[in-house]
Amino acid sequence: MLFLDDVTIGSGSLAYSPLDQSSDISSGRVLNASNLVSTGSIGGNPYLYEVGMILAEYGALGGSDREAARNIAINIFDFLGGSDGSLIPASFSLGDENNDKLIGAALLGSERNDLIDPPSDGKGDEGVLDSAAKKKQADGLYKIYRDNVYGVVGADVTVGSSSSDTEVDVSDILTKATRFESDPTDDADGMSNDKKILAFAAAKDLHLKGNVTFANDNDSEDHALILGAGDHVEIESGAKIRYEGSNLGVGSYSSLTLNEVDIDVGGNLAIGSLNDLEIHDSTFSVGRYSDRDNVYLYAENLMKVDGLNFEDRPDADNNRFLAGRAREIYMEAITIDLQKAHFPAESKVMLRSRDGNPNFYGGTGSYSSPFAPGAVNFYQDSNSYGGKAITPAAFTTSPNANPNRQRQFTGYDSIGSDFTTSTGAPGIRIRKFPE
């Protein structure tokens, strides 16, 4: 029923109360993953697989593409142990394997899933050791335990109101972590870390209406707030979204459009779509309560930017060096089209497309997209880095042609003092997808 009922979230504090029995599950309630398993609602339930597949088959999950919804359901249930459903893992991590499934974009239907290199990668034992080392590093950063995963689930989930500002306080759920694993393969004193995730998860569409603030007393970078949908994430034009905690993630299965949206985050920001991502006249700000932080933008197909600024907004009491300024900006899509994208000075910008070639388009007329499929396309001289226009002269003329620099990956790097960081590294790098 959680996937069939619509949920509306207004101003107020979110609180979690453990479930005593499966009948306690109700629409709009904050649920805990381990608590759901322990009550018998999910773990070992012989009917879970069949009911889940029926929901996907008859339109309760995702959008109008029933085949896509069915594939998502099959992948997720396979990961959770198939029709048995008794193998729900106690922890999750990037690149973590369970039932031969990788946690990554491919789990939801993406054709790209290069978070962790294949174990051998043609290098034999050396490749296996290299992959194991990378996985251990990923576990140290991203491992999350089922006990610390919370969610508000519904069919259509609406947060906020078009007629008034909304403040949703998540302080009681995304509390400060007190335990961190020094060695991800051996939990210190037998105790797992308590880094937390809270997700507003819509089986169909997630709607953010008006100006929405997610309040949190904890601004340490030990947690994440997720806004996700099996179909669309719809953010009202002109809205302001603010998260006073640290990390914010926004993800949709279908195309995602941000039109005159202002997003302000205490830590890092990640936005992704398994279709197209369009950004028009919007502004992002990260790292308000920490030091410089990162912005990650992902689209499975086309990323179209027509007006994007990265503003510095440090908290008045934050004296850290360059606080509130974007440190790294990562964009990935098969094709990236950029107009009026203004990257801040000193930031490290990575633009990754299928072919990894920069293209520049001049002339007059309206901005139409896409341009060259598979490339990173700059429209006229409308884009800038540190206030300087990004032109063809800003890049090497051929891959890896930047003088006096050795790089592991071939690609195009920015050159000239106007397009480098304070360390002399290229401020903008263009790369193709890994082979």
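**Exercise 1. Phenylalanine 378 and its ring partner**

Task: decide whether phenylalanine 378 is buried or exposed, and describe the aromatic pair of phenylalanine 360 and phenylalanine 378.

Solution.
- Step 1. Phenylalanine 378 has a relative accessible area of 0%, so this residue is buried. Buried means under 20% relative accessible area, exposed over 50%, and partly exposed in between (1.4 Å probe, protein chains only).
- Step 2. Know the model. It is predicted: local features need pLDDT of at least 70, side-chain atom pairs count only at pLDDT 80 or more, and totals for chains, interfaces and linings use all residues. Residues are numbered from 1 along each chain as its sequence is written, and side-chain values use heavy atoms, with hydrogens and water left out.
- Step 3. Search for ring pairs. The whole structure holds 10 aromatic pairs. Rings of Phe, Tyr and Trp (its six-membered ring) pair if their centres lie within 6.5 Å; planes under 30 degrees apart count as stacked, over 60 as edge-to-face and the rest as tilted.
- Step 4. Classify the pair. Phenylalanine 360 and phenylalanine 378 are stacked, at 4.8 Å centre to centre with 15° between the planes.
- Step 5. Place the pair. Phenylalanine 360 sits in strand 27 (residues 358-361) and phenylalanine 378 in strand 28 (residues 376-379), 18 residues apart. Helices (H or I, at least four residues) and strands (E, at least two) are DSSP runs, numbered from the N terminus.
- Step 6. Check the partner. Phenylalanine 360 is partly exposed, at 25% relative accessibility.

**Exercise 2. More rings**

Task: say how phenylalanine 371 and tyrosine 379 are arranged, and which residues form one aromatic cluster.

Solution.
- Step 1. Phenylalanine 371 and tyrosine 379 are stacked: 5.8 Å centre to centre, 5° between the planes.
- Step 2. Both phenylalanine 371 and tyrosine 379 are buried.
- Step 3. The cluster consists of Phe284, Phe310 and Phe343.

**Exercise 3. Salt bridges**

Task: give the count of salt bridges, then work through the pairs of arginine 288, lysine 340 and arginine 431.

Solution.
- Step 1. Start with the rule. A salt bridge is a side-chain nitrogen of Lys or Arg within 4 Å of a carboxyl oxygen of Asp or Glu. The count is 10 salt bridges.
- Step 2. Arginine 288 pairs with aspartate 264, with the closest N and O atoms 2.4 Å apart. Arginine 288 is in the loop between strand 21 (277-285) and strand 22 (293-299), while aspartate 264 is in strand 19 (residues 262-265). Arginine 288 is buried at 12%, and aspartate 264 is buried at 6%.
- Step 3. Lysine 340 meets aspartate 281 at 3.9 Å, N to O. Lysine 340 lies in strand 25 (residues 335-343) and aspartate 281 in strand 21, 59 residues apart. Lysine 340 is partly exposed at 34%; aspartate 281 is partly exposed at 43%.
- Step 4. Arginine 431 pairs with aspartate 413, with the closest N and O atoms 2.9 Å apart. Arginine 431 is in strand 32 (residues 428-432) and aspartate 413 in strand 31, so the pair ties together parts 18 residues apart in sequence. Arginine 431 is buried at 5%, and aspartate 413 is buried at 0%.
- Step 5. Look for shared partners. Asp262, Asp264, Arg288, Glu311 and Arg313 are joined into one network.

**Exercise 4. Two open sheets**

Task: find the strand order of the sheet of 11 strands and of the sheet of 4 strands.

Solution.
- Step 1. Two strands pair if DSSP finds at least two bridges between them.
- Step 2. The sheet of 11 strands runs 3-8-11-14-17-20-22-24-26-32-31, with mixed pairing. Its edges are strand 3 (31-32) and strand 31 (412-413), each pairing on one side only.
- Step 3. Inspect one pair. Strand 14 (residues 223-229) and strand 17 (residues 247-252) are parallel over 6 bridges. Leucine 227 has valine 250 in strand 17 as its bridge partner.
- Step 4. The sheet of 4 strands has the order 1-9-12-15 and parallel pairing. Strand 1 (7-9) and strand 15 (233-235) each have a single partner strand, so one side of each is left without a neighbour in the sheet.
- Step 5. Strand 1 joins strand 9 (residues 157-160) by 3 bridges. Valine 7 has valine 157 as its bridge partner there.
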